[in-house]
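Trainee: I would like to take a close look at a single part of this model, namely the way its helices pack. Please go through it slowly and in one connected account.

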Amino acid sequence: MAAAQERLSDGTGGMDDAKAGDREGSGAAPPAFQAAVQALRTSRLRPQIEIESTRAPQRLAPHAYALEATVVDGDQDLADGRLVLLHDPDGHDAWRGTFRLVTLVRAELEPEMAADPLLPEVCWSWLTGALAGRGLSYGEPSGTVTRASSHYFGGLSERSPTSQIEIRASWTPREGLGGVPDVGAHLVSWCDLLAQVAGLPPAGPGDASVVTLPQRRDPQAR
């Protein structure tokens with residue numbers, strides 16, 4: 001199971017596997033998992049982020065719940081991602097806990113920004129900084145930052161080159177009262193990361209020091 005879980009965070013399996021099945025709502029789900037799912041469903045997020053539940057992975061853990069989100073500016077999509085909550089009541093050696101959060105975040109960039117050699121380290125720091133900014137405790141973080149460029153030829157040669165950044169990561173949220181982590185706060189911090197990658201301004205005065213990406217070129221129309 002550890003190897004399967006890592007495929008979501010290291011880019012070898014892909015978050016698209018999250019469409020395989022939905023296992024978040026069965027009556028057999030333990031109370032701790034049900035409480036965590038309810039916290040995700042009731043979290044209040046900034047209005048530019050549209051979020052909804054989606055089908056969750058079937059083979060990564062006994063219980064899973066998944067969300068997908070899009071950062072929206074008017075009729076344009078600036079960034080998108082998925083967040084998956086995994087739960088194994090028996091614990092997991094690789095997680096060092098019974099819960100695990102797994103994510104994919106992606107957005108398009110200006111090619112010159114994508115060429116910055118420090119971009120992967122900066123993007124990873126945005127993830128850890130988003131968690132630290134909410135005062136969250138977590139363990140066993142792992143993941144990858146991938147940048148890709150597309151150049152167009154022949155009948156597509158009139159298109160400008162495009163570049164994309166993709167962050168895949170997983171971490172173990174610290175469990176609180178009753179063994180339930182504060183996954184609502186982790187969701188809010190994940191949305192902070194999404195907004196930062198999308199180039200949105202800070203959400204509030206306390207986030208004024210956050211450095212964001214410039215808005216990507218030609219955001220995708222809805």
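Trainee: Within what distance do the axes of helix H4 and H5 come, and at roughly what angle do they cross?

Mentor: Bearing in mind that this is a predicted model, one can begin with the two numbers you ask for, since two packed helices are described by the angle between their axes and the distance between the axes. Helix H4, which covers residues 119–133, and H5 have axes that come within 8 Å and cross at roughly 140°. That angle makes H4 oblique to H5, because only angles over 145 degrees would count as roughly antiparallel. The crossing of H4 and H5 is right-handed. On the H4 side the contact is made by Trp126, Leu127, Ala130 and Leu131, and these residues meet His186, Ser189, Asp192, Leu193, Gln196 and Val197 in H5. Sorted by class, the residues of this contact of H4 with H5 are 6 nonpolar, 3 polar and 1 charged.

H5 also has a contact with another helix, and it helps to set that packing beside the one above. Helix H2 (residues 31–41) packs against helix H5 (residues 183–198) with the axes 8 Å apart and at an angle of about 40°. H2 and H5 are therefore oblique to each other, and their crossing is right-handed. Here Ala36, Ala39 and Leu40 in H2 meet Val183, Gly184 and Leu187 in H5, and the residues of this contact divide into 5 nonpolar and 1 polar, with no charged residue.

As for ring interactions, which you may wish to check separately, the structure holds 0 aromatic pairs. There is, however, a charge placed over a ring: the charged end of Arg159 sits over the ring of Tyr152, at 5.5 Å from the centre of that ring.

Methods
Residues are numbered from 1 along each chain as its sequence is written. This is a predicted model: local features need pLDDT of at least 70, side-chain atom pairs count only at pLDDT 80 or more; totals for chains, interfaces and linings use all residues. Side-chain values use heavy atoms; hydrogens and water are left out. Rings of Phe, Tyr and Trp (its six-membered ring) pair if their centres lie within 6.5 Å; planes under 30 degrees apart count as stacked, over 60 as edge-to-face and the rest as tilted. A charge sits over a ring if NZ of Lys or CZ of Arg is within 6 Å of the ring centre and within 35 degrees of the ring normal. Axes are lines fitted to C-alpha atoms, for helices over the stretch in contact, and angles run from 0 to 180 degrees between N-to-C directions. Helices (H or I, at least four residues) and strands (E, at least two) are DSSP runs, numbered from the N terminus. Angles under 35 degrees count as roughly parallel, over 145 as roughly antiparallel, 65 to 115 as roughly perpendicular and the rest as oblique. A crossing is left-handed if the near helix is turned anticlockwise from the far one by less than a right angle, and right-handed if clockwise. Contact means heavy atoms within 4.5 Å. Ala, Val, Leu, Ile, Met, Phe, Trp, Tyr, Cys and Pro count as nonpolar, Asp, Glu, Lys and Arg as charged, and the others, Gly among them, as polar.
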